[in-house]
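Here's a short walk through this model, one part at a time. Have a look at the sequence and the 3D view, then read on.

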2 protein chains.
Amino acid sequence: MIELGEATVPAATVARLPYYLRALRDLAEAGVTTTSSSELAERSGVGSAQLRKDLSYLGSFGTRGVGYDVQSLAQYIASALGLGSEHRLAIVGIGNLGHALANYSGYAARGFQVVALLDADPQVVGGSAAGLTIEHVDALEDVLPRTGVSMVVLATPGPVAQAIAERIVGCGVREILSFAPVALQLPDDVVVRSVDVAGELQILAFHAAARAATNGTPR
Amino acid sequence: MIELGEATVPAATVARLPYYLRALRDLAEAGVTTTSSSELAERSGVGSAQLRKDLSYLGSFGTRGVGYDVQSLAQYIASALGLGSEHRLAIVGIGNLGHALANYSGYAARGFQVVALLDADPQVVGGSAAGLTIEHVDALEDVLPRTGVSMVVLATPGPVAQAIAERIVGCGVREILSFAPVALQLPDDVVVRSVDVAGELQILAFHAAARAATNGTPR
DNA sequence: ACTTGTGAACGTGTTCACAGCA
DNA sequence: TGCTGTGAACACGTTCACAAGT
């Protein structure tokens with residue numbers, strides 16, 4: 001449960017808002033001006049009741065008997081997601097993945113701007129990616145404040161992630177997206193979202209194994 | 001809820017098993033032979049009751065008053081996750097991200113093997129990455145069966161993801177890890193795990209906005 | 001007539017607290 | 001004594017079904 005202004009929004013709802021926003025932008029691009037909870041829900045991969053309930057936590061945006069205005073709902077969700085103001089990102093750990101994330105072109109359209117790249121490898125430091133010079137992670141305490149970073153994407157190897165995360169938090173950053181396969185121990189007021197590719201594959205493997213155990217043993 | 005043999009395991013529990021496995025392997029590497037639910041839980045970032053409850057769905061592995069044997073518990077979880085058998089992966093969409101995923105070195109250690117890379121861009125097809133030649137996505141129906149792929153990592157642009165996913169499913173693949181920012185509409189027996197980097201950043205932005213609305217308006 | 005917005009019912013997942021056992 | 005394993009209590013999230021509104 002997350003407080004937003006006077007409202008209080010379930011975390012599960014927040015996690016779905018990006019889906020709704022994407023679906024709305026697709027509709028807008030297709031020239032659609034009005035939509036219904038069922039159409040929007042289908043495009044977002046949720047149930048229509050779920051969608052209406054989610055929106056109800058944020059306010060009341062539709063017209064009964066008609067539906068939702070695509071433009072204004074998109075705008076409202078975008079602003080609820082804090083996408084009005086620019087968010088300045090640093091990417092720490094410019095290996096395979098960090099490099100790919102640096103070159104990802106979808107940030108700007110979504111209100112994010114990559115302003116700093118850091119790595120610990122002397123071979124990498126001084127190089128450039130996505131138009132930025134890669135700086136040494138030792139200078140983190142200098143670079144983050146200087147570039148006005150408000151969020152960090154952490155793409156370092158697992159063993160160093162905890163130590164670097166602590167230094168990042170020391171710089172006042174309170175939002176971290178981590179790709180390191182470790183559970184970061186950080187103060188409660190720091191929000192960490194974690195993406196674990198190997199873990200996702202393992203979950204798929206579990207499903208495959210479960211399938212084999214049920215269907216694969218016919219008779 | 002997922003059936004596994006005679007047991008039935010909550011999906012939320014399955015999603016945490018990779019964390020436990022990683023923590024156990026870290027412990028094993030550090031030479032620790034026995035651990036407790038509280039130590040393991042702390043390293044996994046969950047509560048100790050949660051960990052014990054999760055394990056209880058799989059069976060009974062500890063010794064009361066003592067704890068868990070690191071080796072044997074790790075082994076059991078690995079086998080529950082289906083990591084005994086090798087899983088053969090194809091990566092479809094060799095852009096920035098697909099390339100990074102192809103070069104990610106953690107697969108082998110976790111029982112996964114990348115056996116095919118596909119892309120639609122003629123500039124990319126024929127090139128090589130991670131020791132494999134990149135094949136054309138048009139040949140998907142030929143490549144997947146030939147290479148014995150059982151899981152696919154989908155890293156294509158959003159607009160083409162749905163169509164390609166359908167073709168993948170047509171080849172008999174039932175487990176897909178998607179990085180495309182769209183809700184894939186696929187048969188119920190297909191398991192899709194979805195990773196959406198931009199969406200994760202938007203969720204962080206929401207938290208930042210919520211923080212600004214509460215703390216940032218003092219007085 | 002049609003679709004939203006929402007209380008109430010339901011189901012799933014988490015936490016508690018203690019019985020069971022080494 | 002100390003830690004696991006687990007029923008029971010609780011919290012959270014989803015779905016239902018309908019009242020409210022245009």
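## Ground rules

A polar contact here is a pair of N or O atoms within 3.5 Å; within protein, one must be able to donate a hydrogen and the other to accept it, and residues adjacent in sequence count only if both atoms are side-chain atoms. By that rule, a polar side-chain atom of Arg52(B) sits 3.5 Å from a base nitrogen of DNA strand C.

This is a predicted model, where local features need pLDDT of at least 70, side-chain atom pairs count only at pLDDT 80 or more, and totals for chains, interfaces and linings use all residues. Residues are numbered from 1 along each chain as its sequence is written, chains are lettered from A and ligands numbered from 1 in the order in which they are written, and side-chain values use heavy atoms, with hydrogens and water left out.

## DNA strand C

Staying with DNA strand C, 24 residues surround it, where near means that a heavy atom of the residue lies within 4 Å. The closest are Ser37(A), Arg52(A), Gly62(A), Tyr68(A) and Arg16(B). Of the strand C atoms within 4 Å of the protein, 62% are sugar or phosphate and the rest belong to bases. The side chain of Arg64(A) puts an N or O atom 3.0 Å from a sugar or linking oxygen, while a backbone N or O atom of Gly65(A) is 3.0 Å from a base oxygen.

Which helix gives the most to the surface near DNA strand C? That's α3(B), with 4 residues. Helices (H or I, at least four residues) and strands (E, at least two) are DSSP runs, numbered from the N terminus. The surface residues split into 7 nonpolar, 10 polar and 7 charged; Ala, Val, Leu, Ile, Met, Phe, Trp, Tyr, Cys and Pro count as nonpolar, Asp, Glu, Lys and Arg as charged, and the others, Gly among them, as polar.

## DNA strand D

Around DNA strand D there are 23 residues, and Arg16(A), Arg64(A), Ser37(B), Arg52(B) and Gly62(B) come nearest. Sugar and phosphate make up 58% of the strand D atoms within 4 Å of the protein. Ser60(B) has a polar side-chain atom 2.9 Å from a phosphate oxygen, and Arg64(B) has one 3.1 Å from a sugar or linking oxygen. Gly65(B) uses a backbone N or O atom, 3.1 Å from a base oxygen.

Here α3(A) gives the most to the surface, with 4 residues. The residues of this surface divide into 6 nonpolar, 10 polar and 7 charged.

## How the chains relate

Chain B superposes on chain A by a rotation of 180° with 0.0 Å of shift along the axis, at an RMSD of 0.1 Å (least squares on the C-alpha atoms of residues with pLDDT of at least 70 in both copies). The two copies are therefore related as by a two-fold rotation axis. In chain B, Ala100(B) has the C-alpha nearest that axis, 3.1 Å away.

## The sheet in chain A

Now for chain A's open sheet: 7 strands with mixed pairing, ordered β7-β8-β6-β5-β9-β10-β11. Strands pair if DSSP finds at least two bridges between them. β7 (128-129) and β11 (191-194) are the edge strands, each paired on one side only. β9 (151-154) and β10 (175-178) run parallel over 4 bridges, with Leu154(A) partnered by Ser178(A) in β10(A).
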